[in-house]
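Colleague: I am new to this structure and would be grateful for guidance on how to read its features. May we go through them in turn?

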Amino acid sequence: MLYNSTQNASEVVSSAQAIAQGISKDGGLFVPQQFPKYDRADFQSLLSLDYKGRAEKVFSDFLTDFSEEEIKDCVNKAYTAEKFGGNNPAPMAYTQLGGNLLNILELWHGPTCAFKDMALQILPHLLTKSLKKTYDGKDAVILVATSGDTGKAALEGFKDVEHTKIIVFYPVDGVSPMQKHQMNTQEGGNVTVCAIKGNFDDAQTGVKKIFTTPEISEKLGENNMLFSSANSINWGRLLPQIVYYISAYCDLVNDGKIALGDKINVVVPTGNFGNILASYYAGLMGLPVAKYICASNSNNVLTDFINTGVYDKNRDFYTTMSPSMDILVSSNLERLLYKFSGDSDAATKGWMDSLKATGKYEVSDEVKAVIAEKFFGGFCDEEQTQNTINRLFKQSGYLCDTHTAVAVNVYEQYVAETGDTTPSVIASTASPYKFSKAVLKAVSPECKLPETEFEMVDMLYEVSKMPVPAPLACLKDKKARFSDVTEVDKMPEYVLSALSIE
Ligand SMILES: *Cc1c(COP(=O)(O)O)cnc(C)c1O
């Protein structure tokens, strides 16, 4: 299977190259030239496999330049029962709200309690094998700018993976106390964590600048290292996300919730558009999905786009209680546009150029029509998010985090508007304990909030009796290893000194 750039179809690479490189030289994203197609018999045989078996099947159909052994090795190292608290890293939970059945796909049982573990536990293994095939003998240096979840998930994924080093920068006042503590206590011999005196954009710009400074790359080269990327536009992060939609469908069949061949909807709390795109890709492979329901918070640029065909990032930015969805430019949407324009690199490049120049673009009427047929876009505000957490907990005892609550609320809106009762899979993207303060306020509006993060965790446990995930509970008594804070313009020196390069 070969991959090409969304912005230049003549740029063609292998999957190893796509993963090692991360992004195409022309600025486009790598997409598979075609999608493997699964028929009824394929799904039938997937039913009897466990998550790892299903993952191996999907990976081997896309990563045709990897051997069976290589794929098995990656999958076995990533999705261990130890790391994901059981044999199914992405289990279903079934509950109800106001007469609607909720089939909740819990994607947060990994080491950092957010869905990004599903991809970031396997990416390091895919990446080291890809590097061996493309730039043999070099060590990869992963630079990450994070607003919270990605940084910790990447650190856990790359921790002590040979031939890799990872350096994470976060805005000193821009992450939650739990997120900061998760990162500063990170173990591993190849990890570095540093705060910067600036916001997330400053961190991101700083990292991009280091990537594109030739003198720094040369210095790395002299030391047998090269930069690589773990962010969500890397194909190696998208592919693992396709697996859990296919696996969820198999689980629904095995649990007697649907019959093989029945259609489902999917509902995804969306930020950078990676997770929902993966569900759409699963649909292209034959997963019977009727509607893709894209849920946003007050940063509802995607809702407007799905409803009007106009993408316009020139608008107010809101800081919400679902921070991982506080995004105005959803990078992975570019891949959907490429597909919807009939694999047109010229059309995709046109829209992306317009976005760069004016912050805005409008797709053609044909593309608008396909979007309207397949996608539903909705959003909810802060009050609705809290209210949804509260109702779901009061009515069915199910505790969900703020991001998942946005998805549940938009799903309710969808059913109310359309009357469509097709069984729907709702992606649950984080443990409620990662956002204890907001969740506690939602379920116990009358309680007096304690001071510290771990007191809030304890109180939320008292209220809900839902077990605190071990990876968060064990952080309580852990001492911070990292406390560095640097100026934004000192980031390049910081990186070189962390790598012990003169
Ligand atoms: C990253 C993240 C999202 C958004 O996912 P995208 O793939 O960027 O759309 C939603 N919820 C949580 C908890 C996340 O960490």
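Modeller: The following exchange takes up sheets, salt bridges, aromatic rings and one single residue. Please keep in mind that this is a predicted model.

Colleague: Let us begin with the sheet. What is the order of the strands in the open sheet of 5 strands?

Modeller: In a regular strand the side chains alternate between the two faces of the sheet. Here the open sheet has 5 strands in the order E9-E6-E7-E8-E16, and the pairing is parallel. At its edges stand strand E9 (225–228) and strand E16 (485–486), each of which pairs on one side only.

Colleague: Over how many bridges do E6 and E9 pair?

Modeller: Strand E6 (residues 139–145) pairs with E9 over 4 bridges, in the parallel sense. To find the place by eye, look for Ile-142, which stands opposite Ser-228 in E9. Helix H10 (residues 200–211) packs on this sheet and touches E6, E7, E8 and E9. The direction of H10 makes about 155 degrees with that of E6.

Colleague: Which strands does helix H9 lie across?

Modeller: Helix H9 (residues 177–184) lies across strand E7 (164–171) and strand E8 (191–196), and runs at about 155 degrees to E7.

Colleague: Which strand is joined to E14, and by how many bridges?

Modeller: Strand E11 (residues 289–296) is joined to E14 by 5 bridges, and the two run parallel. Cys-294 has Gly-377 in E14 as its bridge partner. Strand E14 (residues 375–379) is mostly covered, with 4 of its 5 residues buried.

Colleague: I should now like to turn to charged side chains. How many salt bridges does the structure hold?

Modeller: There are 21 salt bridges in the structure. One of them joins Glu-70 and Lys-133, whose closest N and O atoms are 2.8 Å apart. This pair links distant parts of the chain, since Glu-70 lies in helix H4 (residues 68–78) and Lys-133 in helix H7 (residues 123–134), 63 residues apart.

Colleague: Are Glu-70 and Lys-133 buried or exposed?

Modeller: The intermediate class applies to each. Glu-70 has a relative accessible area of 21%, so it counts as partly exposed. Lys-133 is likewise partly exposed, at 35% relative accessibility. Lys-133 also lies over the face of Phe-66, at 4.9 Å from the ring centre.

Colleague: Which residue forms a salt bridge with Lys-478?

Modeller: The partner of Lys-478 is Glu-187, and their closest N and O atoms are 3.2 Å apart. Lys-478 is in the loop between helix H22 (470–473) and E16, while Glu-187 is in the loop between H9 and E8, 291 residues apart. Lys-478 is partly exposed at 27% relative accessibility, and Glu-187 is partly exposed with a relative accessible area of 43%. Elsewhere, Asp-136 forms a salt bridge with Lys-132, with the closest N and O atoms 3.6 Å apart; both residues are exposed. Salt bridges may also join into a network, as they do for Asp-73, Lys-77 and Lys-129.

Colleague: How should I read the aromatic pairs, and how many are found in the whole structure?

Modeller: A pair of aromatic rings is described by the distance of the centres and the angle of the planes. The search of the whole structure finds 22 aromatic pairs. In one of these, the ring centres of Trp-235 and Tyr-281 are 6.2 Å apart and the planes lie at 55 degrees, so the pair is tilted. Trp-235 belongs to helix H12 (residues 235–254) and Tyr-281 to helix H13 (residues 274–284), so the pair ties together parts 46 residues apart in sequence. Both rings belong to buried residues.

Colleague: Why is the pair of Phe-273 and Phe-375 stacked?

Modeller: The planes of the two rings are at 25 degrees, with the centres 6.2 Å apart, so the pair of Phe-273 and Phe-375 is stacked; the cut-off for this class is under 30 degrees. Phe-273 is in the loop between strand E10 (264–269) and H13, and Phe-375 is in strand E14, 102 residues apart. Both Phe-273 and Phe-375 are buried.

Colleague: Which residues form one aromatic cluster?

Modeller: The cluster consists of Tyr-3, Phe-35, Phe-62, Trp-235 and Tyr-281.

Colleague: Finally, which residues does Lys-219 touch, leaving aside those up to four places away in sequence?

Modeller: Lys-219 touches Leu-496, Ile-501 and Glu-502. Lys-219 is found in helix H11 (residues 214–222) and is partly exposed, with a relative accessible area of 31%.

Key: Residues numbered from 1 in each chain as written. Predicted model: local features only at pLDDT ≥ 70, side-chain atom pairs only at ≥ 80, totals over all residues. Heavy atoms only, no water. Buried < 20%, exposed > 50% of the residue type's maximum accessible area, 1.4 Å probe, protein only. Contact = heavy atoms within 4.5 Å. Pairing = 2+ DSSP bridges. Axes fitted to C-alpha atoms, helices over the stretch in contact; angles between N-to-C directions. Salt bridge = Lys/Arg side-chain N within 4 Å of Asp/Glu carboxyl O. Phe/Tyr/Trp six-rings, centres within 6.5 Å; stacked < 30°, edge-to-face > 60°. Lys NZ or Arg CZ within 6 Å of the ring centre and 35° of its normal.
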